[in-house]
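Open the model in your viewer and rotate it once. Then follow the stops below in order.

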There are 2 protein chains.
Amino acid sequence: MAKAIVQTRERLLQAALDLFQEKGYAACGMSEILARAQANSGSFYYFFRSKEDLLVAVLQRYEEMLFPVLLEPLWKKTEDPFERIFLLLAKYRELIVASNCTYGCPIGRLALEIEPTYEEAHRKIAANFEGWAGAVEQCLMEAREQGKIAKQVQTRRLSRFVLTVMEGGVMQSRSYRSVEPFDLAVEELRQYFQMLAMPTGERKRIGNGSDPRRAK
Amino acid sequence: MAKAIVQTRERLLQAALDLFQEKGYAACGMSEILARAQANSGSFYYFFRSKEDLLVAVLQRYEEMLFPVLLEPLWKKTEDPFERIFLLLAKYRELIVASNCTYGCPIGRLALEIEPTYEEAHRKIAANFEGWAGAVEQCLMEAREQGKIAKQVQTRRLSRFVLTVMEGGVMQSRSYRSVEPFDLAVEELRQYFQMLAMPTGERKRIGNGSDPRRAK
């Protein structure tokens, strides 16, 4: 019985997660969520106070998924901090291509859609951004410790910039129905990283961890 | 009589433009648009086939407004191509601050919200992105002609990158309810521009047009 209850909550959460991603928050009606979750409104109100409350739970779930679902499988592929950052970006490229260039980052989409008065939801959206950028910042700090970027690089600012570039690139690719805008953004970022890696005439290849030759 | 007809269409268009910006496309019902425009559904269907058709007209209007409303007033303030780019970004900062950090770029928002099946709308969204980035590209080409950035700089790619940074920065500021994420993104971009302006040890100040001293 307790298990059935947990399963109903999980079905509601998963249905909302999928539907908010497919259609957005406003376009997705309560009846649609209930139908997808095979639940009735009595069960819904047993678990959630409102649709907004469900939204907050969905955003909480995204936060919990960040490491095990998104980052961990990528981080296992390499120890190199720059490669990790560009693997993360390549993951979004995969999502864009697999969706025939209709992919929209669910968090970015909600950031722009949800009304500013839903303050708790926006705090959760910001927490998701913070988690993503925080993971990139961790990579940048490691890169700095390993002497791969200059000491003066502001890792917090640069990590938020990587998120900015991902979100802006995904957004454009969705409307152009082409992965090109995303690719251009990542190429430009890679060039910037290469420049940051050679602030005083040094040259280091970014993204493959090799070729640390100096051009002194 | 003809004038009254034009005014009705204009009122519908303006109401939709405002409401899509305030609430998004899906959250804004037809009855709300009619009420705001003080029009009835007969008038609506005289001018537009559907809500989607109205959306396309709104996006067309944004395209038409780009130069006279957004760019021209800024371009009049300076001839310097880098200053123009950073004035354009500063304009978005103004919009963020004036809205108490709830601003969302209406085009970016629609890019992520509108279903991919609305192909005409997405083509118009892409055309808006193209217009904005094209204006920035113009500035970059001038900067290159004036020797302010290296010949090798890919102006098309870099101009799309500026748009990417603006959109990603606006998005984060809305959820953090703070202008800081936007400011950080612009600062990082400015630093990149400064590096692009001194590819071979030259130093040129970006954004104020002066201080072209060389550090050879």
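Helices here are DSSP runs of at least four residues, and strands are runs of at least two. Keep in mind that this is a predicted model.

**Stop 1: select chain A.** Colour it by secondary structure. Chain A has 9 helices and 0 strands. Walk along the sequence and the pattern reads α-α-α-α-α-α-α-α-α. Now turn to the overall dimensions. The C-alpha atoms of chain A fill a box of roughly 70 × 35 × 30 Å along the principal axes.

**Stop 2: look inside chain A.** Of its 216 residues, 42% are buried. Next, consider contacts with a separation of 6 or more. In chain A, residues 24 or more positions apart account for 60% of them.

**Stop 3: colour by pLDDT.** The mean for chain A is 91. A value of 70 or more is reached by 91% of its residues. Now select residues 201–216 of chain A. Here pLDDT stays under 50. The model has 26 contacts beyond four places in sequence for this stretch.

**Stop 4: show chain B as well.** How many degrees of turn lay chain A on chain B? The turn is 180°, with a shift of 0.0 Å along the axis, and the RMSD is 0.0 Å. That is the relation of a two-fold axis. Select Gly168(A). Its C-alpha is the one in chain A nearest the axis, 2.3 Å away. Both copies use the same surface: 100% of the contact residues of chain A recur in chain B.

**Last stop: the complex scores.** The predictor gives the complex an ipTM of 0.89 and a pTM of 0.90.

Notes
Residues numbered from 1 in each chain as written. Chains lettered and ligands numbered in written order. Predicted model: local features only at pLDDT ≥ 70, side-chain atom pairs only at ≥ 80, totals over all residues. Least-squares fit on C-alpha atoms with pLDDT ≥ 70 in both. Contact = placed C-beta atoms within 7 Å. pLDDT = per-residue confidence, 0-100. Buried ≥ 20, exposed ≤ 12 C-beta atoms within 10 Å, placed from the backbone.
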